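The following exercises introduce a protein structure through its local geometry. Please attempt each task before reading its solution.

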Amino acid sequence: SRFDPPGTLTLLDDTQPIDLNTFEIGTSPFVDVSRLMWYRSLLWLAVAAVDFQEQGRNDLAEQMAVPAIRAARNFPDPGSATPELTDLSNSIGWDEGTTFRRAEALLCLSSYTGAERIRDLLTMHAEALVDPNRYKGPPQREVHNHGMLANLVLLDLAKRLDRPDYRQIAIDRLINDSAQVFSSNGWSYEGSTLYQSVNVVGWREVADDLRNRGYAAEAAAIDQRVNQAAEVLPHLVSPTGRIATIGNSRLDDAVRQPDPNPARPLQFVDSGAGVAMGRWSWTDTNTTYWTALNRDRRGAHGHDDNQAITWQSQGLPVLVDPGQYDYDASTDLTDWLKSNVAHNRAMPASKYKNDLKVRSLNVKRDGTLDTITMESSDNGPPQIREVLVDEARKSLEVIDSLTWGKRGRLTQYWHLAPEWTQASINGNQIIYNEPGGKVLVVTTSPGASVTPVASSLVAPFAGLIASGFK
């Protein structure tokens, strides 16, 4: 975000005029939920005030502080005494995500104004963060990085306000939540490559904070979980340094690159969490690399991607996942990126009601051959996907089938990396080329049809749709 006095605000590349004399938190020139959150947070105005203070321009700092304080006081918390008030709070900018960011803004602003001048606002936001009905964590909700971040802000508020009760609430929550962030093998339940990294970084900060407060044993337990989760990160980076864009992730997200460690396993398989990745070398950039997902818990940042796979071979990405560029709910692209057809998976012609809950993921390695078997009842009758990744032959074979119930058409969706361009199509075989001269041959089973799909604004990855009866 960037605020250019006297009145131009840019949030996520969208610029709007702002009149500091009249603006209100509840009335925003921005519509998209992400920009709306940052607008209501007031961080853009608090940072401007402190920047001017650091430049020795206190007159301009005051011109930023006064409207920020006025707007915050004109925007009281409705609370959550009833479900209706909770819904109102969440809809107008007193939701947990906006609240802890606005609390950060007020803490920042207090370095200029002092705590006493805005004690009422700091206290109001601390009370909102303490509120269990809005807390992003147990017991009412699953653990989420917003809960962790809110507790870190609450610790700062407790110090600024000299409120040991706030401090203890934050510490108790952090200790309790820390045991529920990662699976027993270190996978973050928030369901994304980016948020695997976010939680590793954030919970390391939590451990350090607790250690400094005298909670050595609790900090050590968190360290152990975080270190295990950190070891998952190298598995989320391909041999050529491209990250696996699982869930809400982008190719330019900062994810720990693999460091030389000959003892690190060549596979990460967490059958319980439904996540697996594999390769045959940590030093050969041409080695094959694959990912597979079949999760019971996709978390707040996961997508509809069960039984989805990606595949890289000979230094080139072949099957890719589009991840998610942003949270702009005003575009069709955002909805598409989360949908089942945006991932390398198979879908039945229609979903069927099925009370049977089936989900499994198993990986077997036999020399240069990995066999991945996944079963899921997401769409009714359990679907089985068997994937054979052959490092020696540089090949991938995928077999999709329904185990029982109404038999019908399964449609496979494949998303190719943008390097590949179609060269020819002949019946059930398509040949693709890439600029370096390598050739990709795609063959479907007899009786199936295959249709190349060009990239578009809504579906930014070219690819294939293959359908047949199994």
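**Exercise 1. Strand pairing**

Task: Determine which residue of β16 is the bridge partner of I425, and describe the sheet to which β16 belongs.

Solution. The model examined here is a predicted one.

Step 1. The bridge partner of I425 in β16 is I430.

Step 2. Strand β15 and strand β16, the latter covering residues 429–433, are joined by five bridges in the antiparallel sense. Strands of a sheet pair through backbone hydrogen bonds, and the pairing may be parallel or antiparallel.

Step 3. The open sheet consists of three strands in the order β15-β16-β17, with antiparallel pairing. The edge positions are taken by β15 (421–426) and β17 (439–443); each has a single partner strand, so one side of each is left without a neighbour in the sheet.

Step 4. On average, neighbouring strands of this sheet are turned by 20° against each other, direction ignored.

**Exercise 2. Classifying aromatic pairs**

Task: Establish how many aromatic pairs the structure holds, and classify the pair formed by the rings of F23 and Y39.

Solution. A pair of aromatic rings is described by the distance of the centres and the angle of the planes.

Step 1. Six aromatic pairs are present in the structure.

Step 2. For F23 and Y39, the ring centres lie 6.3 Å apart and the planes stand at 75°. Planes over 60 degrees apart count as edge-to-face, and the pair of F23 and Y39 is therefore edge-to-face.

Step 3. This pair links distant parts of the chain: F23 belongs to the loop between β3 (14–17) and α1 (33–41), whereas Y39 belongs to helix α1, and the two are 16 residues apart.

Step 4. Y39 also forms an aromatic pair with F30, with 6.1 Å from centre to centre and 50° between the planes; this pair is tilted.

Step 5. F3, F23, F30, Y39 and W44 form one aromatic cluster.

**Exercise 3. Buried or exposed?**

Task: Decide whether F23, F30, Y39 and D13 are buried or exposed.

Solution. The cut-offs needed are under 20% relative accessible area for buried and over 50% for exposed.

Step 1. F23 has a relative accessibility of 6% and counts as buried.

Step 2. F30, at 3%, is buried, and Y39, at 1%, is buried as well.

Step 3. D13 has a relative accessibility of 77% and therefore counts as exposed. The loop between β2 and β3 contains D13.

**Exercise 4. Backbone geometry**

Task: Identify which residue follows P5 across a cis peptide bond, and state the phi values of D13 and L42.

Solution.

Step 1. The cis peptide bond runs from P5 to P6, with omega near 10°. P6 lies in the loop between β1 (2–4) and β2 (8–11).

Step 2. A cis peptide bond is also found from P138 to P139, where omega is near 5°. P139 is placed in the loop between α6 (119–130) and α7.

Step 3. D13, a residue other than glycine, has a positive phi near 70°.

Step 4. L42 is not a glycine either, and its phi is positive, at about 70°. L42 is located in the loop between α1 and α2 (43–54) and is buried, with a relative accessible area of 3%.

**Exercise 5. Nonpolar cores**

Task: Name the residues that touch the most other members of the largest nonpolar core.

Solution.

Step 1. The largest nonpolar core has 83 residues, of which F3, F23, W44, L157 and W187 touch the most other members.

Step 2. Helix α7 (residues 145–161) supplies the largest share of this core, namely nine residues.

Step 3. Another core, of 25 residues, lies apart from it and includes W280, V387, Y432 and L440.

**Exercise 6. Charges over rings and a polar contact**

Task: State over which ring the charged end of R102 sits, and describe the surroundings of S192.

Solution.

Step 1. The ring is that of W94, and the charged end of R102 is 4.5 Å from its centre.

Step 2. The charged end of R173 sits over the ring of Y135, at 3.7 Å from the ring centre.

Step 3. S192 lies in the loop between α8 (164–178) and α9 (193–212). With a relative accessibility of 0%, S192 counts as buried.

Step 4. A polar atom of the S192 side chain lies 3.2 Å from the backbone nitrogen of L194.

Conventions
Residues are numbered from 1 along each chain as its sequence is written. This is a predicted model: local features need pLDDT of at least 70, side-chain atom pairs count only at pLDDT 80 or more; totals for chains, interfaces and linings use all residues. Side-chain values use heavy atoms; hydrogens and water are left out. Rings of Phe, Tyr and Trp (its six-membered ring) pair if their centres lie within 6.5 Å; planes under 30 degrees apart count as stacked, over 60 as edge-to-face and the rest as tilted. Helices (H or I, at least four residues) and strands (E, at least two) are DSSP runs, numbered from the N terminus. Buried means under 20% relative accessible area, exposed over 50%, partly exposed in between (1.4 Å probe, protein chains only). A charge sits over a ring if NZ of Lys or CZ of Arg is within 6 Å of the ring centre and within 35 degrees of the ring normal. Two strands pair if DSSP finds at least two bridges between them. Axes are lines fitted to C-alpha atoms, for helices over the stretch in contact, and angles run from 0 to 180 degrees between N-to-C directions. A nonpolar core is a set of buried Ala, Val, Leu, Ile, Met, Phe, Trp, Tyr and Cys residues joined through side-chain atoms within 4.5 Å. A polar contact is a pair of N or O atoms within 3.5 Å; within protein, one must be able to donate a hydrogen and the other to accept it, and residues adjacent in sequence count only if both atoms are side-chain atoms.
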